[in-house]
Amino acid sequence: MGGGIGGLTVAALLAQRGVDVCVLERESRVGGCAASFDKFGYSFEQGYGLFTSWEPDEIHHRVFSELPVAAPEVCLWEPSYVVRLPDKSEISLGGNAQKFEENLRAVFPECADLAVGFYRKLAPVAGALRRAFQRSPDFLSASKFGRTYSLLREGRIAAEILKAGRGATLEHLQGASLRFRRFIDVQLQALAQGSSAEVPYLQATQTLSAARAGMFAIRGGASTLTCSLADSIKKSGGRIRLDTPVLRLNYNSAGFAVGVDLLSGETVNASKAIVSNLTLWDTYGKLVGLNRTPGDIRRQLNKVRGWGAYLLYLGLEEDAAELLVSDHVLALTDWQQGHDYDPQTSQLLFAAAPSWDPRGPEGKRAVTVHALTDVGDWFTYHKDETAFEEKDQQMLELCWARLHATMPELGSRVEVIETATPRSFYDLTRRKLGMVAGTVPSPAGFWTDKPSYETSLANLFIVSDTTYPNGIAGLTRSALVLANHLTGK
């Protein structure tokens with residue numbers, strides 16, 4: 001149920017392994033949050049367009065090596081992105097290590113040694129974790145003994161990983177200046193959905209090291225990946241039913257889930273398993289039903305938080321794009337001294353399509369500007385649409401002013417094509433309150449007590465960006481783990 005990247009990856013692997021698969025998608029095309037937004041000759045990416053783990057020995061090539069279709073064309077961003085700070089100083093992520101360290105020292109003279117040391121410490125930890133995932137895709141949910149055994153070959157770094165397993169990134173920033181902490185906060189919030197006080201240190205090592213090692217662009221964006229996976233499903237004999245909303249699970253008299261009821265009134269039976277590509281909230285709230293959801297899970301769901309996204313879809317003149325310091329600029333617009341980090345008022349991500357894949361009319365490039373927003377503000381009661389339209393306009397003007405303040409080089413050579421709000425994403429995906437920016441992590445949440453695919457029902461499984469960290473790469477890894485479980489591989 002659900003034709004996002006997670007659901008399509010599981011289905012593609014299962015179909016290629018001989019399982020009879022049917023994907024049910026409520027929209028007229030697959031992709032979910034990864035689908036492009038098309039208007040006036042532009043094709044806009046709804047995500048950041050920064051993809052990881054496309055190296056030859058990483059998870060995406062591992063998956064596509066099984067499938068009867070070619071992997072999408074990818075190209076390394078250089079740099080991955082540039083962080084621009086409120087004082088207009090910049091740090092370029094990617095490229096030569098020596099130049100990066102020189103950049104850190106120049107921008108953060110007040111804690112230069114600590115900043116350089118922090119990044120030097122990340123690399124070996126992230127490398128060991130990457131190799132552990134290559135050996136065991138289910139590494140996160142392994143027992144403590146299993147994790148220890150998997151890390152034995154990593155030598156002394158294994159003890160550091162096991163010790164740091166449930167600590168926050170902030171613990172490793174003691175003595176750092178506020179400026180350097182905010183430099184880390186803005187990156188973690190964008191790429192790991194939380195600040196240094198929230199993101200587990202081990203997750204931060206992967207996130208921050210990936211940016212340093214290099215991130216990738218996909219020709220055509222994430223929607224190309226979803227189309228490749230859909231083609232694979234069909235070539236392997238699987239089925240994809242579009243415009244097919246699922247209403248709820250169907251239970252037999254013994255209370256066992258035996259299929260799903262569609263909004264049309266049809267029941268689709270499942271002979272082996274049901275896989276939900278919905279969020280945690282919607283898997284239980286809509287499919288399982290709150291009356292069948294155990295109390296401990298209901299309490300857990302009430303604690304899970306997520307951000308909404310407010311997007312500006314822009315058209316940028318090519319000659320202006322060529323003057324940019326990077327196609328991706330992550331802007332911190334306020335130091336927020338004296339209180340906890342609040343991304344809603346302090347950060348924007350400017351993401352332009354690459355010059356070799358502009359995704360716009362002649363002489364133009366598609367750009368998506370990302371801001372985070374509290375979803376509750378968009379779903380309060382309004383007598384009519386006027387109040388909602390006024391809020392959209394206010395948010396547009398606020399983001400537009402912040403964008404030009406931090407990137408004055410854009411000038412008048414950029415125009416607004418459209419905006420997207422949490423309500424837009426709710427209408428598209430039916431995710432709870434349109435929360436598409438992931439779930440806020442907790443420091444103790446790096447290791448999981450059980451496989452991320454398990455639910456309260458024996459034959460219902462979940463693959464979702466709300467159950468597994470690290471973006472599309474993590475989602476793909478969790479899909480492989482579930483496919484292996486269902487086929488006994």
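Helix 7 and helix 8 sit roughly perpendicular to each other, which makes them a handy way into this predicted model. The two pack at an angle of about 90 degrees, and their axes are 10 Å apart. On the helix 7 side, the meeting residues are I184, Q187, L188, L191 and A192, while helix 8 brings Q203, A204, T207 and L208. Sorted by class, this contact of helix 7 with helix 8 has six nonpolar residues, three polar ones and no charged ones.

A second helix pair tells a similar sort of story. Helix 4 (residues 112-135) and helix 6 (residues 156-164) have axes that come within 10 Å and cross at roughly 90 degrees. Because angles of 65 to 115 degrees count as roughly perpendicular, helix 4 is roughly perpendicular to helix 6. Helix 4 makes the contact with K121, P124, V125, A128 and L129, and helix 6 makes it with I157, E160 and I161. Here the split of the contact of helix 4 with helix 6 is six nonpolar, no polar and two charged residues.

On to the nonpolar cores. In soluble globular proteins, nonpolar side chains tend to be buried together. The largest nonpolar core in this model has 55 residues, and the members that touch the most others are Y119, F180 and F183. Elements giving two or more residues to this core include strand 5 (81-84), strand 6 (90-93), helix 3 (97-107), helix 7 (178-192), helix 8 (201-213) and strand 14 (328-332). Helix 4 and helix 6 are also on that list, and helix 4 gives the most, with 10 residues. As for F180, leaving out residues up to four places away in sequence, its contacts are L104, F108, C111, L114, A115, F118, Y119 and L173. Apart from this core lies another one, made of 39 residues, and its members include I5, V21, A473 and V481.

Strand 5 is also where R84 is found. Is this arginine buried or exposed? R84 turns out to be buried, because its relative accessible area is 6% and the cut-off for buried is under 20%. A polar atom of the R84 side chain lies 2.8 Å from the backbone oxygen of T406. Setting aside neighbours within four places in sequence, R84 is in contact with S89, E90, V325, V329, L330, A331, L332, T406, M407 and E409.

Just before strand 5 comes a bit of backbone worth a look. P79 is found in the loop between strand 4 (74-76) and strand 5, and a cis peptide bond with omega of about 0 degrees joins P79 to E78. Most residues other than glycine have a negative phi, and most peptide bonds are trans. Two residues go against the phi part of that pattern. Q336 is not a glycine, yet its phi is positive at about 55 degrees. The loop between strand 14 and strand 15 (347-352) is home to Q336, and this residue counts as buried at 1% relative accessibility. R430, also a residue other than glycine, has a positive phi near 60 degrees. R430 is placed in the loop between helix 14 (422-429) and strand 18 and is partly exposed, with a relative accessible area of 30%.

The loop between helix 14 and strand 18 also holds T439. At 16% relative accessibility, T439 counts as buried. Which residues does T439 contact, leaving aside neighbours within four places in sequence? They are Q193, W281, V304, R305, G306 and T466. Also notable is T279: T439 and T279 are 160 residues apart in sequence, but their C-alpha atoms are 9.8 Å apart in space.

T279 and T466 both turn up again around S464. The loop between strand 18 (460-462) and helix 15 (471-487) is where S464 is found, and S464 is buried, with a relative accessible area of 2%. The side chains of S464 and T466 make a polar contact at 2.7 Å. Not counting residues up to four places away in sequence, S464 touches N277, L278, T279, L280 and L475.

Terms used: Residues numbered from 1 in each chain as written. Predicted model: local features only at pLDDT ≥ 70, side-chain atom pairs only at ≥ 80, totals over all residues. Heavy atoms only, no water. Axes fitted to C-alpha atoms, helices over the stretch in contact; angles between N-to-C directions. Helix = DSSP H or I, 4+ residues; strand = E, 2+ residues; numbered from the N terminus. Parallel < 35°, antiparallel > 145°, perpendicular 65-115°, else oblique. Contact = heavy atoms within 4.5 Å. Nonpolar A, V, L, I, M, F, W, Y, C, P; charged D, E, K, R; others polar. Core = buried A, V, L, I, M, F, W, Y, C linked by side-chain atoms within 4.5 Å. Buried < 20%, exposed > 50% of the residue type's maximum accessible area, 1.4 Å probe, protein only. Polar contact = N/O pair within 3.5 Å; in protein donor to acceptor, adjacent residues only side chain to side chain.
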